[in-house]
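Open the model in your viewer and set it to show side chains as sticks. The stops below are given in the order in which to select them.

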Amino acid sequence: MMPFLRNHWRSISFRLTLNYGILAILTTLILIAFLYYEVIGALRTEYTRQITASAKRLSAAYEEGGRTALAAALELTLADRIDSGREIYLLLDEKGNKIAGNLDRPPAAHDSYVGVFEGEVLQDGIPTRGHLQIQTLAGGETLVVGHDLSEMGDISAMIWQAIVAAFVLAALLVIIGTYIFRGELAYRVSHIRRTTQQIAAGQLSKRVSTAESDDEFALLNRDINSMLDRIELLMKSARHISDTIAHNLRTPLTRIVGGLRAAQQPSASPQQVLQANQRAVEEIERLSVMLEKLLQIAEMQAGIQRRSFKPCALHTIVSDVVEMYATLAEDKNVSMTLTHSETVHVHGDANLLASALANLVDNAVKYASREIRVAVFRSEHSGRVVISDDGPGVPADQYEHLGKHFYRLDPSLEGHGLGLTSVLSIVELHGGAIVFSDAQPGLSVMLTLPVEPTA
């Protein structure tokens, strides 16, 4: 029995439902107790009112006709058989002898009671407890008026039976509800657990089944699936990056090792040795640059650079980059024009933004035929920089690959394929986005960044 209870107690759904049920039971008991005391209090008040009214009526009869009239009124009241079995009356003379009434004797020490009180009396030889009022009349007589508590006892017993029945019923409902709720929750959670176990086993494409409803579990399942999509994408990206890095390292390292081994041959001249060393140094420097770029991209994707963010003028950065590359464009007989410039302030790192814009402008200078157009626009919530050239452009089916690690549209050209990757990392770090489109002819790149809220 104990292991059974211990296993169920470990379930949070079991504990949650049990605690909620106990709270519901306590609330019900408190409500019933409140009703009990309210009903009993109302009955006591009503008894007091009736006793006081009867005492005043009988006192009036005594004042009008004396002891004889009072005794007749008592006999008439007991003879009408309206609650006569519950009413208590007793009239004693000045010596304590019974004149009329349905009590055998008054309560003990009755002289010390004032107002309506609760006491023990003897009625028809049977001990009875009731609400009583004792009054001494002008002639020395003693009048006892009261009402027994049997009705109140019946009501009290009925309420206690209702409390016990309600407690038992509530306990049964709590036990049944606990198991039903635990089973429902375990059923809903089992899909998530089964999927996570499959993913832990290496099946990254598995997803949690989602319902059409919008309850909490459906929303949770969708959020988990979104997270799993992101994780799978990152895992594929990491696998692709690691494979590409291995390829990009193996080729230059093979060239370095081959050149150095050739220089170790006894027939190698001093000039050949120097050339081999120079080529090895150049290859190592290129590898160092590539690894440094990869590290920089990783830091930006991790959000490390956010700590240096501050308000900066995007339009000024664009203007400076255009001015810096204008001479290089002129050397290639390409005109570069800042066609439109609105004031845009963003929250970010000015150096990183300048690096990203310089990379985009540099690519435009490489491929442009005659002109490059740069424009800065501002909307309510974002700033946009559009860079367009009239070069050969990029096929639309290749847009989705632009910015991937080591991706190069023309593998014959020099470079590591990390320039646009760095640009995308900088833009994502700043909460922005890049869109590529056809400039007809050429390529148009639109960089969108959120504006500085306090600007």
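Select R67 and E141 to begin: they form a salt bridge, with the closest N and O atoms 3.0 Å apart. A salt bridge here is a side-chain nitrogen of Lys or Arg within 4 Å of a carboxyl oxygen of Asp or Glu. R67 is in helix α2 (residues 12-79) and E141 is in the loop between β4 (126-136) and β5, so the pair ties together parts that are 74 residues apart in sequence. Helices (H or I, at least four residues) and strands (E, at least two) are DSSP runs, numbered from the N terminus.

This is a predicted model, in which local features need pLDDT of at least 70 and side-chain atom pairs count only at pLDDT 80 or more, while totals for chains, interfaces and linings use all residues. Residues are numbered from 1 along each chain as its sequence is written, and side-chain values use heavy atoms, with hydrogens and water left out.

Stay on the pair and colour by accessibility. Buried means under 20% relative accessible area, exposed over 50%, and partly exposed in between (1.4 Å probe, protein chains only). E141 is buried at 4%, and R67 is partly exposed at 31%. Add E94 to the selection: R67, E94 and E141 are linked in a network of salt bridges. The structure holds five salt bridges.

Next, select T142, which lies in strand β5 (residues 142-148). T142 has 11% relative accessibility and counts as buried. Its C-alpha atom is separated by 7.7 Å from that of G96, 46 residues apart along the chain.

Move to N102, in the loop between β2 (98-101) and β3 (116-123). Is N102 buried or exposed? N102 is buried, with a relative accessible area of 11%. Its side chain reaches the backbone oxygen of E87 at 2.8 Å, a polar contact (a pair of N or O atoms within 3.5 Å; within protein, one must be able to donate a hydrogen and the other to accept it, and residues adjacent in sequence count only if both atoms are side-chain atoms).

Now select helix α7, residues 350-367. At 1.5 Å a residue, its 18 residues should span 26 Å (1.5 Å times one less than the number of residues), and the end C-alpha atoms are 26 Å apart, which agrees. At the N-terminal end of α7, D349 acts as a cap, with a side-chain oxygen 2.9 Å from the backbone nitrogen of N351. Buried residues of α7 include L353, L357, L360 and V361. D362 and K366, four residues apart in α7, or about one turn of the helix, meet in a salt bridge (3.6 Å, N to O). D362 is partly exposed at 23% relative accessible area.

Go on to strands β9 (residues 371-378) and β10, which pair in the antiparallel sense over seven bridges; two strands pair if DSSP finds at least two bridges between them. They form a hairpin with three residues between them. V374 has I387 in β10 as its bridge partner. β10 also pairs with strand β12 (residues 443-450), antiparallel and over seven bridges, where V386 is partnered by M446. Seven of the eight residues of β10 (residues 382-389) are buried, so this strand is largely enclosed by the rest of the structure.

Finally, select E371 and R373, whose side chains meet in a salt bridge (3.1 Å, N to O). E371 is partly exposed at 33% relative accessibility, and R373 is partly exposed at 28%.
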